[in-house]
Amino acid sequence: MYIVMTSSECAPVAKVGGLGDVIQGLSYELSVRGNHVEVILPKYDCMRYDRTFGLHKVHGDLWVPYYDRWIHCDVYFGFVEGLKCFFIDPHSDHNFFNRGVFYGHLDDPARFAFFSRAALEFLLKTKRHPDVIHCHDWQTGLVPVLLFEMYKQLGMTHPRVCYTLHNLGHQGVTGDHILRQSGLNPAHFMTPDRLRDHSHPNAVNLMKGGIVFSNFVTTVSPRYAEEIKSTNLGTGLQHTLWVHRQKFGGVLNGIDYNVWNPEIDPRIPHCYTVDSLQDKYANKGALRARVWLRHEFKPIVAVVSRLDHQKGVDLIRHAIFYSLANECQFVLLGSSPEPRINDEFWSLKRYLNESPDCHLEIGYDDELAHLIFAGSDMIVIPSAYEPCGLTQMIALKYGTVPIVRNTGGLGDTVYDANYSHKPFHERNGYVFNDYNREGLESALRRAIGLWFDYPVYFRQLMVNGMRLDYSWNHPATHYLNIYGYIKES
Ligand code: ADP
């Protein structure tokens, strides 16, 4: 199958969060299975050019409509981790992708609406006719709108569109000038069943456009799919998702086992498998040495997270004190874009500075994250909501028992040691429902108790988690089924 991904991110060249990992991981798995996959990205000035291979200009004459004029673009081609990637480089006073950052400008909707149109113009002019165009998040929500309302009439009758929602926290709500910029008539599209935003009658919702006009819509876990269709987690889009429920479903993300795998991880001092679990404890020693914890007979409880409200910062804070009061050690690695939250954790760090059982590392540190996954006994993920979540899947692979709130992808991947309906050999962690301290304690208490009182069972939970397969293997099969289905429709 010929598949084109249009996205604002692709790891490792342009990665802000999980979206970048998904584009890279899914595209790679689809290519390995013999599909022809191409990725179209903006050519940002702040990309990791050192992670592209053979970057060169392949098209110097792409003219993309913008209001009533045209903007000249170059298109570059290069390999990213073996993937074929095209990079669109517009030349105009707007400097769309030469801003030193990926996101965060007031005209982000205009930047990515332009990118969406440029991607289609590139496909048209180079006579590419993919079977499927796979778009992601609000940044490329206009692609199916433009394809079926404009480019189809210009000859692009073949492609079908799959659209994936990674986080409904950002929907691309903007003014109707975006439609005029893109050559779409606002009178035609600003209706409640098309692109008009649910709460701002004069605003365009780009994500809604993607949902309405695509042939199939997915989100990143089955549980999150249910939640956004039928609860307030839909943040205004629940009605649209309900109307389009026949073409909507959840596909759990995968993680890249070439990167996250204790058997081959070059970033940890001692590699291990289910058959050499004692080596995990050597990593525990290394972690203690790295973050100055004393060597005591205690479990290490960890957090590796963005520190924001979605991730449950108040419960993370409570987990620190609860763990320390219950004979555990605690390691936190996290950072927040919000200065207020960062300050709060810095003062907490100062307050706990003398503790030989606690270390808080405020910042982003990939190397340390690997050591924490390998060296800890448990990891706490008390999210308020979680579309999919990679942390719990990584922890499971490293035999670190996850303690999670029952929401989104967390609920789809972690099965409670005591209360799950699954047989014991499939249970792999602890789950709590209520987003409050009592809820968190109810799960953390049981995990700590098992570690001290029933180490053999605790070890079994670790092994159960390590044996699961949360690679891209299953998700890629699901996506190929979806592509096949929409291709025939
Ligand atoms: P998000 O909503 O932030 O994308 P996920 O659980 O999907 O959450 O993915 C988080 C990824 O980022 C994981 O791979 C985790 O290890 C990593 N991560 C989060 N915070 C940090 C940090 N401070 N330092 C290093 N890695 C981090």
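**Close-up 1. C388, a cysteine on the inside.** In this predicted model, C388 has a relative accessible area of 3%, and anything under 20% counts as buried, so C388 is buried. Look for a partner for its sulfur and you'll come up empty: the closest cysteine sulfur belongs to C162 and sits 15 Å away, too far for a bond. A disulfide, after all, is a covalent bond between the sulfur atoms of two cysteines.

**Close-up 2. C328 and its neighbour E327.** The structure holds zero disulfides. C328, like every cysteine here, is in no disulfide, and the nearest cysteine sulfur to it, that of C358, is 11 Å away. With a relative accessibility of 1%, C328 counts as buried. Now shift to E327, which lies in the loop between α10 (313-325) and β13. E327 is partly exposed, with a relative accessible area of 47%. Its backbone is worth a look too: E327 isn't a glycine, yet its phi is positive, at about 65°. Most residues other than glycine have a negative phi.

**Close-up 3. The ligand and its shell.** Which residues come nearest to the ligand? Of the 17 residues around it, they are R306, K311, G363, L390 and T391. Three of these offer polar side-chain atoms to ligand oxygens: R306 has one lying 2.7 Å from an oxygen atom of the ligand, K311 has one at 2.9 Å from a ligand oxygen, and for T391 the distance to a ligand oxygen is also 2.9 Å. On its own the ligand has 570 Å² of accessible area, and the protein covers 88% of that.

**Close-up 4. Who builds the shell around the ligand.** At least two residues of the shell come from each of β12 (300-306), β13 (329-335), α12 (366-375) and α13 (391-397). Which element gives the most? That's β12, with three residues. Sort the shell by class and you get eight nonpolar, six polar and three charged residues.

**Close-up 5. Helix α2, wrapped up by the rest.** Helix α2 covers residues 108-125, which makes 18 residues. At 1.5 Å a residue, α2 should span 26 Å, and its end C-alpha atoms are 25 Å apart, which agrees. Is this helix out in the open or enclosed? Of its 18 residues, 17 are buried, so α2 is largely enclosed by the rest of the structure. Follow the chain just past α2 and you'll meet K127, which takes a positive phi of about 55°.

**Close-up 6. S420 and a backbone contact.** S420 sits in the loop between α14 (408-413) and β17 (430-432). Although S420 is in a loop, its relative accessible area is 14%, so S420 is buried. Where does its side chain reach? To the backbone nitrogen of K422, at 2.9 Å.

**Close-up 7. Two loops with unusual backbone angles.** Most residues other than glycine have a negative phi, and most peptide bonds are trans. Start in the loop between β1 (2-6) and α1 (18-32), where you'll find P12. The peptide bond joining A11 and P12 is cis, with omega about 0°. Then go to T235, in the loop between α7 (222-230) and α8 (238-243). T235 isn't a glycine, but it has a positive phi of about 35°. At 40% relative accessible area, T235 is partly exposed.

Methods. Residues numbered from 1 in each chain as written. Predicted model: local features only at pLDDT ≥ 70, side-chain atom pairs only at ≥ 80, totals over all residues. Heavy atoms only, no water. Helix = DSSP H or I, 4+ residues; strand = E, 2+ residues; numbered from the N terminus. Expected span 1.5 Å × (residues − 1). Buried < 20%, exposed > 50% of the residue type's maximum accessible area, 1.4 Å probe, protein only. Near = heavy atom within 4 Å. Polar contact = N/O pair within 3.5 Å; in protein donor to acceptor, adjacent residues only side chain to side chain. Areas by Shrake-Rupley, 256 points an atom, 1.4 Å probe, with all protein chains shown as cover. Nonpolar A, V, L, I, M, F, W, Y, C, P; charged D, E, K, R; others polar. Disulfide = S-S within 2.5 Å.
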